[in-house]
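Please find below my notes on this entry, set out as numbered points for discussion. They begin with a question on a single side chain and then widen to the fold and its contacts.

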Amino acid sequence: MAGDQDPFDAIVMADDRFHGEGYQEGYEEGSSLGIIEGRQHGTLHGAKIGSEIGCYQGFAFAWRCLLHGRATEKDSKKMKVLESLIGMIQKFPYDDPTYAKLHDDLDRIRGRFKQLCSLLNVQPDFKISVEGSGLSF
């Protein structure tokens with residue numbers, strides 16, 4: 001009888017066994033839902049950043065065309081800041097979400113954009129909507 005298992009042990013240990021099985025099932029389901037939710041969150045925020053950067057780029061290219069024809073001494077600082085903004089936008093790592101300085105670079109681009117708007121004496125009206133950028137994938 002020493003090798004036989006006590007029938008009451010199975011009853012007593014059932015709580016631990018069911019707890020372990022429930023934990024494992026919950027962990028697996030939570031992991032798959034977390035991946036889906038993370039992908040949706042990343043897509044939404046990536047689209048917002050892409051829309052913002054695209055707006056800055058279009059603004060900069062339009063002003064470069066406007067200022068290029070009439071480059072005066074007074075416009076040289078504007079052109080320098082404008083070219084700096086365009087260079088920062090072109091170097092922005094669009095396809096590397098793991099880039100450690102992504103938010104720092106984005107903040108620098110925003111700052112340069114504000115500086116350019118101040119030099120050009122224009123009020124930007126770029127706004128990111130709560131629902132997203134309107135882009136669809």
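Is R108 buried, exposed or partly exposed?

1. R108 is partly exposed, with a relative accessible area of 45%. Please keep in mind, here and throughout, that this is a predicted model. The side chain of R108 meets that of D105 in a salt bridge, with a distance of 2.5 Å from N to O. Because D105 and R108 are three residues apart in helix 3, about one helical turn separates them. The two partners sit in unlike surroundings, in that D105 is buried, with a relative accessible area of 17%, whereas R108 is partly exposed.

2. As to the overall architecture, the protein has three helices and zero strands, so that its elements, read from the N terminus on, run α-α-α. Helix 1 covers residues 7–68, helix 2 covers residues 76–91, and helix 3 covers residues 102–120. Of the 137 residues of the protein, 22% count as buried.

3. On annotation, UniProt places the feature "domain: Essential protein Yae1 N-terminal" at residues 22–60, and the entry is an unreviewed one. In the model this span is 100% helix and 0% strand, and its end C-alpha atoms lie 56 Å apart.

4. The structure holds five salt bridges, and one of them joins the side chains of R110 and E52 at 2.6 Å, N to O. This pair links distant parts of the chain, since R110 belongs to helix 3 and E52 to helix 1, with their positions 58 residues apart in the numbering. E52 is buried, at a relative accessible area of 4%, while R110 is partly exposed, at 28%. The contact is part of a wider arrangement, for E52, D107 and R110 are linked in a network of salt bridges.

5. A further salt bridge is formed where the side chains of E83 and R64 meet, at 3.5 Å from N to O. Here too distant parts of the chain are linked, with E83 in helix 2 and R64 in helix 1, 19 residues apart. Both ends count as partly exposed, E83 at 33% relative accessibility and R64 with a relative accessible area of 29%.

6. F61 is likewise found in helix 1, and at 28% relative accessibility it counts as partly exposed. The C-alpha atoms of F61 and L85 are separated by 10.0 Å, although the two residues are 24 apart along the chain.

7. Turning to the aromatic side chains, a search of the whole structure finds five aromatic pairs. One of these is formed by F92 and Y94, whose arrangement is edge-to-face, with 5.5 Å from centre to centre and 70 degrees between the planes. How do the two rings' residues compare in accessibility? F92 counts as buried at 6% relative accessibility, whereas Y94, at 47%, counts as partly exposed. Elsewhere, ring pairs link Y56, F59, W63 and F113 into a cluster.

8. There is also a contact between a charge and a ring, in which R17 lies over the face of F18, at 4.7 Å from the ring centre.

9. On the surface, F8, I11, V12 and M13 form a nonpolar patch, and their accessible area together comes to about 460 Å². Among these residues, M13 lies in helix 1 and is partly exposed, with a relative accessible area of 46%.

10. A last point concerns backbone geometry: what is the sign of phi at N121, a residue other than glycine? Phi of N121 is positive, with a value near 60 degrees. N121 is found in the segment after helix 3, and N121 counts as exposed because its relative accessible area of 68% is over the 50% cut-off.

Conventions. Residues are numbered from 1 along each chain as its sequence is written. This is a predicted model: local features need pLDDT of at least 70, side-chain atom pairs count only at pLDDT 80 or more; totals for chains, interfaces and linings use all residues. Side-chain values use heavy atoms; hydrogens and water are left out. Rings of Phe, Tyr and Trp (its six-membered ring) pair if their centres lie within 6.5 Å; planes under 30 degrees apart count as stacked, over 60 as edge-to-face and the rest as tilted. Buried means under 20% relative accessible area, exposed over 50%, partly exposed in between (1.4 Å probe, protein chains only). A charge sits over a ring if NZ of Lys or CZ of Arg is within 6 Å of the ring centre and within 35 degrees of the ring normal. Patches are made of residues with over 30% relative accessible area and no salt bridge: like charges are joined within 9 Å, nonpolar side chains (Val, Leu, Ile, Met, Phe, Trp, Tyr) within 5 Å. Accessible areas come from the Shrake-Rupley method with a 1.4 Å probe; for residues, only the protein chains shown count as cover. A salt bridge is a side-chain nitrogen of Lys or Arg within 4 Å of a carboxyl oxygen of Asp or Glu. Helices (H or I, at least four residues) and strands (E, at least two) are DSSP runs, numbered from the N terminus. UniProt positions are given in the numbering used here, feature names are shortened, and annotations may be inferred rather than shown by experiment.
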